[in-house]
Amino acid sequence: RRTELASKLALHSTRTATMLSTLAASALGLNIGATPAPSSSRGAVSMDLGRPLRVAVVGGGPSGACAAEIFAKAPNIDCTLFERKMDNCKPCGGAIPLCMVDEFELPPEIVDRRVRKMKMISPSGREVDVGRTLKENEYIGMTRREVLDAYLRDRAVELGAKPVTGLVQKVEFEDANGPYTIKYSEYKPGEKKGTPSEAEFDIIVGADGANSRTAKAIDAGEYNFAIAFQERIKIPDEKMKYYEDLAEMYVGDDVSPDFYAWVFPKYDHVGVGTGTVVNRPAISEYQAAIRERCADRLGPDPKVMKVEAHPIPEHMRPRRVVGRVALVGDAAGYVTKCSGEGIYFAAKSGRMAAEEIVALTAGGTRLPTEMEIKDTYLKKFDAAYGPTYLVLDILQKVFYTNNGAREAFVDMCASDYVQKVTFDSYLYKKVQGNDPINDIKLLFNTIGSVIKGNAIAKPDRTFSNPVESLKRL
């Protein structure tokens, strides 16, 4: 998945955007910062079944693995973790915030590179170096998803989650409150063909990504999506030295009409990619453009090791909890606009949903209701992270719409104040700032950057995509 660092460099650049996001949140009914409504016990079922509650977690990425870990540690709950491919390598930028390392107890070897510098390149080629406000022990962690996901998944299994290598094909139920029958193809060691299987569960957590079959089963609704395209490229050692602790972000309508392109350091190679929502059919053209713009830095003979592409949700699904089925991660739509951040929010949503559901089961003695899960998991998640999603949505609309705005965006990132507030907010997932004098200065500097950007920007190229752009997942 794409990194979340660079585009967040304007996240708290203006108090006006924050106020707008709060107003928008109220209008959308997210009730940010409010105390969760009292839980309703209607439909709750006290149990004396002589067996543990049966919980299925569909999907073994960060959201599913972190949910399964919580269920595995809970009393009187049997957790089954479904993953279609245990060695899956999801296309992803792989960046994680510093706070995730401690919060999710990740060992140092999970982080391949510790990025402390960022270079931002505008449409006209202006370069701004970012990262000088970071402290010595602060960094953005760069990971490989095949390594990170496997660690989180193995930890859940060691704690007691039952792993099933299987492709979930259908979720059936007569009543929204269950029980739920999961039909899947199980792939046993040494077998290429899956064995048709099924199992019954009391609760399901859908962590099966942007194309979630769990979401379709509960009619969770559609969402718009981006296509992220990335090539993993092996470059000469002397070129790799340049990217040792540096990541690059490129903006311009040549590399994306509504997003950004990137070069991120991996273990022994770099990931080069881009993404778009509004003109997905042209993704190969945008990838060719970022390859051209960074060609000198990759050297004369870069070797493409792997080509990856994946849909990325652009907003939350209309329904994230139906009955006793809860969606988390990409399945719920927890990827931020503007930045494309998803790993931390996936892991956090999986853990949060599982913790709230476990608490509601009262030691595995009762089944929670749909309203109880909404009143705890959903309201707490929206209260904690709703402002971030809304501000980044606003920033994407403001700064990724034309080359003039993109020039202004890069210019603003030269400010130490913007860098410090944004890095602190990103690294620790807590809103930083509250410096009225610098906020006023930033407001005037932003106006100046916009005027200057529009004066030097080259015109945007036109394109037409009236049919495919209407496609939804």
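Lys 241 sits out in the open: its relative accessible area is 57%, so it counts as exposed. Its side chain forms a salt bridge with Glu 244, with the closest N and O atoms 3.1 Å apart. Keep in mind that this is a predicted model. Here's a quick tour of its charged pairs, plus one greasy spot on the surface.

**Salt bridges**
- The count comes to 38 salt bridges.
- Back to Lys 241's partner: Glu 244 has 37% relative accessibility, so it is partly exposed.
- Lys 119, Glu 127, Asp 129, Glu 248 and Arg 297 are hooked up in a network of salt bridges.

**Pairs that link distant parts of the chain**
- Arg 280 and Glu 468 meet through their side chains in a salt bridge, at 2.9 Å from N to O. This pair spans 188 residues, joining the loop between strand S16 (270-276) and helix H7 (283-293) to the segment after H14.
- Arg 280 is buried because its relative accessible area is 4%, while Glu 468 comes in at 24% and is partly exposed.
- Lys 183 and Glu 172 also form a salt bridge, with their closest N and O atoms 3.4 Å apart. Lys 183 belongs to strand S10 (residues 180-186) and Glu 172 to strand S9 (residues 162-172), 11 residues apart.
- Lys 183 is partly exposed at 29% relative accessibility, and Glu 172 is partly exposed at 31%.

**Nonpolar surface patch**
- Ile 440, Leu 443, Phe 444, Ile 447 and Ile 451 make up a nonpolar patch on the surface, together offering about 510 Å² of accessible area.
- Phe 444 is part of helix H14 (residues 436-456), and its 57% relative accessibility makes it exposed.

Technical notes:
Residues numbered from 1 in each chain as written. Predicted model: local features only at pLDDT ≥ 70, side-chain atom pairs only at ≥ 80, totals over all residues. Heavy atoms only, no water. Patch = residues over 30% accessible without salt bridge, like charges linked within 9 Å, V, L, I, M, F, W, Y side chains within 5 Å. Areas by Shrake-Rupley, 256 points an atom, 1.4 Å probe, with all protein chains shown as cover. Salt bridge = Lys/Arg side-chain N within 4 Å of Asp/Glu carboxyl O. Helix = DSSP H or I, 4+ residues; strand = E, 2+ residues; numbered from the N terminus. Buried < 20%, exposed > 50% of the residue type's maximum accessible area, 1.4 Å probe, protein only.
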